[in-house]
Amino acid sequence: MTRQPLVGGNWKMHLDASGAVDLIGGISAGMPELAAGVDVMVFPPFPYLGLSAEAALGSGILLGGQDVSGELEGACTGQVSAPMLLDSGCVVALVGHSERRHGLGETDFVVAAKVRTALAAGLRVVLCLGETLEQREAGATVEVVLGQLSGSLEGVSVEDLDRVDLAYEPVWAIGTGLTAGPDEAQEVHATLRSAVNARYDDRSASRIRILYGGSVKPSNAADLMACEDIDGALVGGASLEAESFLDIARAAARRE
Ligand code: PGA
């Protein structure tokens, strides 16, 4: 099965309102050249979703929330619900990013509730997984990511899985300039795909997109994208500049 590649720009807690609009403008300018050969998503900070949606109108850029509540509505101070994201022009939510798992203590249980709620409301989900340096050095990478996969997809049906993309992001590679080599990354991606096959079915395993994330740059994107089971990239730092983000998107679009 050919999987449409996907590149996501996770802006984290960067930019201001005019920076967000300018960045969308820069990415929009490069979209026609990509000729729909890659899905392009951006994840602006919540306060800039509305103006980002306006700026992205008609460009083909897909908008996502950097997180989503596990509750549909209610007394959840500071949280943003899936219906609010939809209302703000989002089609997808990023869930389980390591800065939330490790920085804010989100467990698989919490992540799974967010995944289920987002899917039930009609959003797509990009579900992030990844091991810490300590876990990698202890030889526990596979055990950790498979544990996260199964815990984070608790209660997700095979039908809903069609709206899930995975992002393998080794924690030690995020924002550090270190990156898993293509072979190292490919090995984990293939393991994740087999696990989806074992848990769901062959069709789901062959259609699910597995992005790589962690210091992806224009200089390393092509080698990563050439790997059989790497279907795109989740990009932090290099997504804050239109040209470098577009370069990565071009590398993903050229993926055979
Ligand atoms: P980075 O971030 O590209 O800056 O390493 C990736 C991410 O956190 O998604």
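Colleague: How do you know that E169 makes a polar contact with the ligand?

Modeller: Keep in mind that this is a predicted model. A polar side-chain atom of E169 lies 2.6 Å from an oxygen atom of the ligand. The cut-off for a polar contact is 3.5 Å, so this pair qualifies.

Colleague: What makes K12 a polar partner of the ligand?

Modeller: An N or O atom in the K12 side chain is 2.7 Å from a ligand oxygen atom. That is within 3.5 Å, so K12 counts too.

Colleague: And what part of G236 takes part in a polar contact with the ligand?

Modeller: The backbone: a polar backbone atom of G236 is 2.8 Å from an oxygen atom of the ligand. Again the limit is 3.5 Å, and therefore the pair counts.

Colleague: Which residues around the ligand come nearest?

Modeller: There are 13 residues around the ligand, and K12, H97, E169, G175 and S215 come nearest.

Colleague: On to the strands. Why is strand 1 called mostly covered?

Modeller: Five of its five residues, 6–10, are buried. L6, G8 and N10 point one way, V7 and G9 the other way, and all of them are buried. That fits the general pattern: in a regular strand the side chains alternate between the two faces of the sheet.

Colleague: How do you know that strand 1 and strand 2 pair?

Modeller: Pairing takes at least two bridges, and five join strand 1 to strand 2, so they pair. The two run parallel. L6 stands opposite D39, and V7 has V40 as its bridge partner. Strand 2, residues 39–43, is mostly covered as well, with four of its five residues buried.

Colleague: What is the handedness of the crossover from strand 1 to strand 2?

Modeller: Right-handed: this β-α-β crossover goes from strand 1 through helix 1, residues 17–34, to strand 2.

Colleague: What makes strand 8 a partner of strand 1?

Modeller: Four bridges join them, and the requirement is at least two, so strand 8 pairs with strand 1. They run parallel, and in strand 8 the bridge partner of G9 is V235.

Colleague: How many bridges are there between strand 2 and strand 3?

Modeller: Two, in the parallel sense. The requirement is at least two, so the strands pair. V42 stands opposite L63 in strand 3. The chain gets from strand 2 to strand 3 through helix 2, residues 49–56, and that β-α-β crossover is right-handed.

Colleague: Now the loop between helix 1 and strand 2. What stands out about phi of A35?

Modeller: Phi of A35 is near 50 degrees, a positive value in a residue other than glycine. A36 has a positive phi too, near 60 degrees. Most residues other than glycine have a negative phi.

Colleague: Are A35 and A36 called buried or exposed, and why?

Modeller: Exposed. The cut-off is over 50%; A35 has 60% relative accessibility and A36 has 63%, so both pass. A35 sits in the loop between helix 1 and strand 2, as does A36.

Colleague: Why is M84 called partly exposed?

Modeller: M84, in helix 3, has a relative accessible area of 46%. Buried needs under 20% and exposed over 50%, so M84 falls in between.

Colleague: Is S81 buried or exposed?

Modeller: Buried: its relative accessible area is 6%, and the limit is under 20%. S81 is found in the loop between strand 3 and helix 3. Leaving aside neighbours within four places in sequence, it is in contact with V68, S69, E71 and L72.

Colleague: And what makes T132 count as buried?

Modeller: T132 has 18% relative accessibility, which is under the 20% limit, so it counts. It lies in the loop between strand 5 and helix 6. Beyond its neighbours within four places in sequence, T132 is in contact with H102, V171 and W172.

Colleague: Last one: how do you know that the span of helix 11 agrees with what it should be?

Modeller: At 1.5 Å a residue, its 12 residues should span 16 Å, and the end C-alpha atoms are 16 Å apart, so the values agree.

Colleague: Why is helix 11 called largely enclosed?

Modeller: Because nine of its 12 residues are buried. Among them are F245, L246 and I248. The cover over the buried residues includes strand 1, helix 1, strand 2, helix 10 and strand 8.

How values were computed
Residues are numbered from 1 along each chain as its sequence is written. This is a predicted model: local features need pLDDT of at least 70, side-chain atom pairs count only at pLDDT 80 or more; totals for chains, interfaces and linings use all residues. Side-chain values use heavy atoms; hydrogens and water are left out. Buried means under 20% relative accessible area, exposed over 50%, partly exposed in between (1.4 Å probe, protein chains only). A crossover is right-handed if, with the strands pointing away from the viewer, the path from the first strand over the helix to the second runs clockwise. Contact means heavy atoms within 4.5 Å. The expected span of a helix is 1.5 Å times one less than its number of residues. A residue is near a molecule or strand if one of its heavy atoms lies within 4 Å of it. A polar contact is a pair of N or O atoms within 3.5 Å; within protein, one must be able to donate a hydrogen and the other to accept it, and residues adjacent in sequence count only if both atoms are side-chain atoms.
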